[in-house]
Structures are given as C-alpha cells and as structure tokens.
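Student: I would like a close look at one part of this protein, with its surroundings explained carefully and each term given its cut-offs.

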Amino acid sequence: MSSPRVLVVAGTHGNEINAPWLMEQWQQQPDLIQTHGCEVLSVIGNPEAYAKGCRYLDRDLNRSFQPGLLQQAGLEQISSSNLDREVKRAFDLVSRYGAEGVEPCGLVIDLHSTTSSMGNSLVVYGRRPADLALAALVQGRLGLPVYLHEADQAQQGFLVESWPCGLVIEVGPVPQMVRHHKILTQTRLALEAVFEACADALAGRARYPRQLVVHRHLGSLDLPRSPSGSPDAFLHPQRQGLDWKPMREADPLFQKADGSCIPYEGADGLVPLFINEAAYAEKAIALSLTLRECWPLSLEWTEAFRSQLSAG
C-alpha cells in the first residue's frame, strides 16, 4: 500500500511566521513531527513576502488560485512580467505540486495563524466530500471547531481548492511577525493529527465521529464608516474577543467615539468569527457571521477520502 503524499504549505501569508519557523525546525530535527508514514513535501507559500515580513507583495496569495487567474498565468508564462507576483506563484505551486504537477500531491495542508481570539480551528472551503471526512477525523481527535467557508463572492481563489483534498489549520491568537512557543506546539500537534488521520483512513482503521460540527459562513460585517470612508466606530468591548459566542439582536456590537453603542441587528444565534482580525481590515471585514450546524457523517465522505488517499 503506497503512502499518501501530502503537501504542507507554510507562509502563504508572509507575516504569519510561526508555521515557516516550525518547518525550519523540522528540517533540523527530523523527529520533531510524526508523519505516521505519510510522504510529506513542505514549501513556503510566498517566500518573497516572507523574506520581507509582509502579508503579500502584489495581491493576497490565498485569493490568487482562481481558475481564471491560473489560466491567465499559464497563457502568459513567456511575458510573466505582466502578472502579479502572487498569481505567478500560485501557478508555479499548482504546476509543481498539483494533481497533474511534476511532484503531484493529492492532499494539501495550509498552515495559518490569526490575530483574533479564535483559538485553534480548521477551515474547509465548500463541501467536497474528502475535505469533510478529513475535517471530521481531525475534529474527532482534537475537538477543534470547523469553519466552513462557502458562497462568498467577495472572497474566492483559496489555495486548498486547487488540490483534490485540502484543509486549513488556523492557530492563534498571535500577533503578526511574532513567534510563540504555544502557537508552534499547537500547529505541530494539529499537523500530526492530520497525518495520523490520513494513515488510519488509508489502512481502514479510521474511527470517525458520528457527526461533523461546522460553523457555516453566511457573510461578513464591516466597521461603521463615515461619509469619507474612514472607520467611524470600533468593536464594542462587550463583543471583542468573543469569537464562537452566539449573538442576539440588540447585543452591543460597535462603539462610536462619543461612547454611544451600535447594537447588533440580525438573527439570534449567529456566531461571529475572526473578530478584529488584523489582516482583514484591508478587506473591510470586522467580523464574519456563521451558523452552527451538525451534519451526520456520510459514507460518501469517508469513501471519497480513502479513495483520494489511495490515488496518491
């Protein structure tokens, strides 16, 4: 039985430095991370941005894997100076490590960190069966919440969508450009859980939970803004740091400079995530709204995941 080949991407955002540091540690300490028999390739997603300590150079790499952009990059390789550097990098990563690449990987794990008070979580994009099976296995092992991002026209082109199966590990909170031992440890443990899940599923000994609990993305809210476009309020002290805590109508949400409160106006029970995430200020996102749902485990998921691992 062949070992599944897993691509681990660190530094997709250049100012998230804990995962790249963990990969450097791993190179120097080969026994640092237990791979459970998986064949692992690792790469720095955006090495130029990582070297400069910035999130990206021309555009967000984790929004640059849109099929149209990748197709454009393939057509313009000869005159690649016309391309944003992140689009070219996205094309290069898929060309090398994608399912039809030089070193094909059937599964990709994208390592990220967050400045918001979300703790540790898993992120999946859409409802691909193999992704859901992997998320269920890791959730069953570690109890991590799953953020399911879908149907958001403003946010497209994520890295893991360009591989047959993929998962994001999100660890925090930690400021950008700060290495922290706790973040390194939590990233390592989550990564090991993924490798163990792959090995168990391929060997037919995986013990899946009866259900997958997801927080399904519904949309995002921006800060209130003045007519000039500048922020006119900030997150209310009673909402700041309360990721994963459901909201009710009229809960304090924003606070203006004069101290007045702007309440939440929406359905009861929606769950905010990425509250005050530093990287999302440029995207006009103060928080994202999700709905907690419990999905029974599907045989379609588990079969798709094992089939994908068997294929490579």
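Student: Which residues point one way from β5 and which the other way, and are they buried or exposed?

Tutor: The model is a predicted one, in which local features need pLDDT of at least 70 and side-chain atom pairs count only at pLDDT 80 or more, while totals for chains, interfaces and linings use all residues. Residues are numbered from 1 along each chain as its sequence is written, and side-chain values use heavy atoms, with hydrogens and water left out.

From β5, V146 and L148 point one way, whereas Y147 and H149 point the other way, and all of them are buried (buried means under 20% relative accessible area, exposed over 50%, and partly exposed in between, with a 1.4 Å probe and protein chains only). Strands such as this one, and helices too, are DSSP runs numbered from the N terminus (at least two residues of E for a strand, at least four of H or I for a helix). In a regular strand the side chains alternate between the two faces of the sheet.

Strand β5 runs parallel to β4, and four bridges join them (two strands count as paired if DSSP finds at least two bridges between them). Within that pairing, Y125 stands opposite H149 of β5. Between these strands the chain passes from β4 through α5 to β5, a β-α-β crossover that is right-handed (with the strands pointing away from the viewer, the path from the first strand over the helix to the second runs clockwise). Strand β5 also pairs with β7, which spans residues 211-221, in the parallel sense over three bridges, and there L148 has R216 as its bridge partner.

Just beyond the strand, the side chain of E150 meets that of R127 in a salt bridge, at 2.8 Å from N to O (a side-chain nitrogen of Lys or Arg within 4 Å of a carboxyl oxygen of Asp or Glu). Because E150 lies in the loop between β5 (146-149) and β6 (165-171), and R127 in the loop between β4 (121-125) and α5 (129-142), the pair ties together parts that are 23 residues apart in sequence. E150 counts as buried at 18% relative accessibility, whereas R127, with a relative accessible area of 45%, is partly exposed.

This bridge belongs to a structure that holds 20 salt bridges, and two other examples give it some context. R239 and D251 form one of them, with their closest N and O atoms 3.8 Å apart; since both residues lie in the loop between β8 and β9, the pair ties together parts that are twelve residues apart in sequence. Here R239 is buried, at a relative accessible area of 4%, and D251 is partly exposed at 22%.

The other example joins the side chains of K283 and E282, at 3.9 Å from N to O, and E282 is partly exposed with a relative accessible area of 49%. Salt bridges that share partners link E282 and K283 with E16, R55, D60 and R63 in one network. Within that network, D60 lies in the loop between α2 (47-52) and α3 (67-75), and it is buried, with a relative accessible area of 5%. The side chain of D60 is also joined to that of H13 by a polar contact of 2.8 Å (a pair of N or O atoms within 3.5 Å; within protein, one must be able to donate a hydrogen and the other to accept it, and residues adjacent in sequence count only if both atoms are side-chain atoms). Not counting residues up to four places away in sequence, D60 touches H13, R55, E86 and K283 (contact means heavy atoms within 4.5 Å).

Further along the chain from β5, past β6, the peptide bond from G172 to P173 is cis, with omega near 0°, and P173 lies in the loop between β6 and α6 (181-203).

To return to the strand you asked about, β5 has parallel pairings with β4 and with β7, and its residues V146, Y147, L148 and H149 are all buried.
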